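Me: Could you take a close look at one loop in this predicted model and then work outward from there? I'd like to hear about side-chain contacts, burial and cross-links, told as one connected story.

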Amino acid sequence: MATTSFSFVTIVVCFTSLSAFPLSGAAASPDPGFTLNLIHRDSPLSPLYDPNHTDFDRLRNAFNRSVSRVNVFKSKAVDINSFQNDLVPNGGEYFMKMSIGTPLVEVIVIADTGSDLTWVQCLPCDPCYRQKSPLFDPSRSSSYRHMLCGSRFCNALDASEQACAMDTNICEYHYSYGDKSYTNGNLATEKFTIGSTSSRPVHLSPIVFGCGTGNGGTFDELGSGIVGLGGGALSLVSQLSSIIKGKFSYCLVPLSEQSNVTSKIKFGTDSVISGPHVVSTPLVSKQPDTYYYVTLEAISVGNKRLPYTNGLLNGNVEEGNVIIDSGTTLTFLDSEFFTELEKVLEETVKAERVSDPRGLFSVCFRSAGDIDLPVIAVHFTDADVKLQPLNTFVKADEDLLCFTMISSNQIGIFGNLAQMDFLVGYDLEKRTVSFKPTDCTKH
């Protein structure tokens with residue numbers, strides 16, 4: 001058992017280049033990769049930071065975004081044609097600051113491992129949601145090029161998401177999200193630059209993206225769009241696969257450290273995780289291929305192991321029953337399994353169990369002082385990941401300590417709180433995801 005007390009700060013995401021990685025042109029670079037800073041949306045470094053909000057306000061808001069994000073996932077009977085676009089676009093927790101075009105125009109976009117298409121608002125725009133920063137005007141960029149109908153990337157859109165302009169043969173896209181937000185526009189290629197004037201920039205060229213000329217819904221006015229980091233053909237990760245070799249990793253700093261140091265994400269061979277205490281689990285190929293599916297076999301609380309059959313009557317474990325998602329704060333588990341987990345937690349934690357007055361968390365304890373909390377092991381196929389209390393409990397109020405896994409009737413989600421202080425590496429060529437316990441403030 002671990003004795004712990006809790007303080008917390010919320011997070012936000014922006015990316016700054018730490019090493020040059022020129023990607024334009026036909027020749028592949030021998031550079032091992034590039035590293036970017038991640039800034040959580042509620043961090044003091046975030047453009048969304050509101051000093052009038054308390055830490056508890058920010059924590060609750062992040063968890064409410066998690067619930068909204070997961071509620072739009074389809075259940076076990078997946079409708080492949082509609083599943084891909086059912087995420088709430090404002091649900092992402094991390095932002096990316098980049099520049100596009102020639103000359104450069106800075107944009108701030110949600111970095112989302114649950115999306116493929118990268119898009120920004122573009123002029124002329126009718127209608128557009130309110131955006132504080134200038135909109136990108138493709139007519140002023142010498143590097144902007146339309147994507148034509150019948151091209152590989154146009155065909156990568158689902159049939160319901162694409163159209164062809166009869167007079168110009170330009171590929172058009174139409175995306176709608178689970179909360180009725182939407183973006184429509186032209187598929188195009190453009191030069192993307194990540195970094196700032198104070199560091200050596202990373203040039204990504206040409207990148208296929210959506211130039212959104214009709215956008216609306218719940219998008220935040222400080223954001224210009226979304227950068228897709230999913231596994232589908234249109235995602236930034238997939239478009240850079242020949243250069244980064246399908247490899248990227250990130251290290252998310254715990255909430256209590258976010259005001260002092262940023263999280264990091266790496267792309268390329270330099271992101272490969274090695275050394276002692278590394279465990280790896282297979283990525284499961286499923287449709288839609290946007291998401292990173294793994295198989296959760298069991299969860300242990302101390303020495304008590306609970307098999308994760310997620311409602312299957314034969315007692316078997318369903319392959320690819322959980323999605324790893326950096327854009328969701330909480331971890332969501334099958335409701336029947338969670339009932340058993342809840343009982344074991346109540347038996348194990350020697351503290352008064354109380355209700356969450358706001359009704360979000362299922363398992364909370366009175367936290368007048370330090371509480372002995374168990375190490376909880378998550379057993380993926382071939383990989384046992386031991387979660388510390390900072391991954392599984394948060395101080396949700398002055399005297400309220402709550403468990404950060406909750407029940408869901410939708411697909412399981414392994415959220416970002418569970419991933420903090422782990423180096424999490426994806427190898428899309430070997431089809432694995434790896435975990436290594438790491439002090440992310442020093443990584």
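**A loop aspartate and its surroundings**

Reply: Let's start with aspartate 356, whose side chain gets to 2.9 Å from the backbone nitrogen of phenylalanine 361. Keep in mind that everything here comes from a predicted model. The aspartate sits in the loop that runs between strand 20 (353–354) and strand 21. Is this loop aspartate buried or exposed? Aspartate 356 has a relative accessible area of 7%, so it counts as buried.

Now for the strand that follows the loop. Strand 21 (residues 364–366) holds cysteine 364, and that cysteine forms a disulfide with cysteine 402, with 2.1 Å between the sulfur atoms. The torsion about their S-S bond is about 105°, which makes the link right-handed. The disulfide connects distant parts of the chain, since cysteine 402 belongs to strand 26 (residues 400–403), 38 residues away from cysteine 364. Cysteine 364 and cysteine 402 are each buried.

Going the other way from the loop, there's arginine 353. Arginine 353 makes a salt bridge with glutamate 346, and their closest N and O atoms are 3.1 Å apart. What about the accessibility of the two partners? Arginine 353 is partly exposed at 27% relative accessible area, and glutamate 346 is partly exposed too, at 43%.

Next up is helix 6, which covers residues 335–348. Helix 6 is 14 residues long and spans 20 Å from first C-alpha to last, close to the 20 Å you'd expect at 1.5 Å a residue. At its start, aspartate 334 puts a side-chain oxygen within 3.1 Å of the backbone nitrogen of glutamate 336. That's another case of an aspartate side chain reaching a backbone nitrogen, as aspartate 356 does with phenylalanine 361.

Which residues of helix 6 are buried? They are Phe337, Phe338, Leu341, Glu342, Val344 and Leu345. Notice that there's a glutamate, Glu342, in that list. Glutamate 340, on the other hand, is partly exposed, with 39% relative accessibility, and lysine 343 is partly exposed at 45%. Glutamate 340 and lysine 343 form a salt bridge, with 3.6 Å between their closest N and O atoms. The two residues are three apart within helix 6, about one turn of the helix.

**Wider afield**

How many salt bridges turn up in the whole structure? The search finds eleven. One of them pairs lysine 247 with glutamate 429, at 3.6 Å from N to O. This one links distant parts of the chain: lysine 247 is in strand 12 (residues 247–251), while glutamate 429 is in the loop between strand 29 (422–427) and strand 30 (432–437), 182 residues away. The partners fall into opposite classes: lysine 247 is buried at 13% relative accessibility, whereas glutamate 429 is exposed at 53%.

Back to disulfides, of which the count is six. With the bonded cysteines numbered along the chain, the pairing reads 1-8, 2-3, 4-6, 5-7, 9-12, 10-11. Besides the link at strand 21, two others are worth a look.

Cysteine 149 and cysteine 164 are joined with their sulfurs at 2.1 Å. The torsion about that S-S bond is about 110°, so the disulfide is right-handed. Cysteine 149 lies in the loop between strand 6 (145–146) and helix 3 (152–156) and cysteine 164 lies in strand 7 (residues 162–164), so the link ties together parts 15 residues apart in sequence. Cysteine 149 comes out as buried because its 19% relative accessible area is under the 20% cut-off. Its partner, cysteine 164, is partly exposed at 33%.

The other one joins cysteine 125 to cysteine 128, with an S to S distance of 1.4 Å. That value passes because the disulfide rule asks for sulfur atoms within 2.5 Å. The torsion about this S-S bond is 85°, and the link is right-handed. Cysteine 128 is partly exposed, with a relative accessible area of 28%.

To come back to your loop: aspartate 356 is buried, its side chain reaches the backbone nitrogen of phenylalanine 361, and the strand after the loop carries cysteine 364, which is disulfide-bonded to cysteine 402.

How values were computed
Residues numbered from 1 in each chain as written. Predicted model: local features only at pLDDT ≥ 70, side-chain atom pairs only at ≥ 80, totals over all residues. Heavy atoms only, no water. Buried < 20%, exposed > 50% of the residue type's maximum accessible area, 1.4 Å probe, protein only. Helix = DSSP H or I, 4+ residues; strand = E, 2+ residues; numbered from the N terminus. Salt bridge = Lys/Arg side-chain N within 4 Å of Asp/Glu carboxyl O. Expected span 1.5 Å × (residues − 1). Polar contact = N/O pair within 3.5 Å; in protein donor to acceptor, adjacent residues only side chain to side chain.
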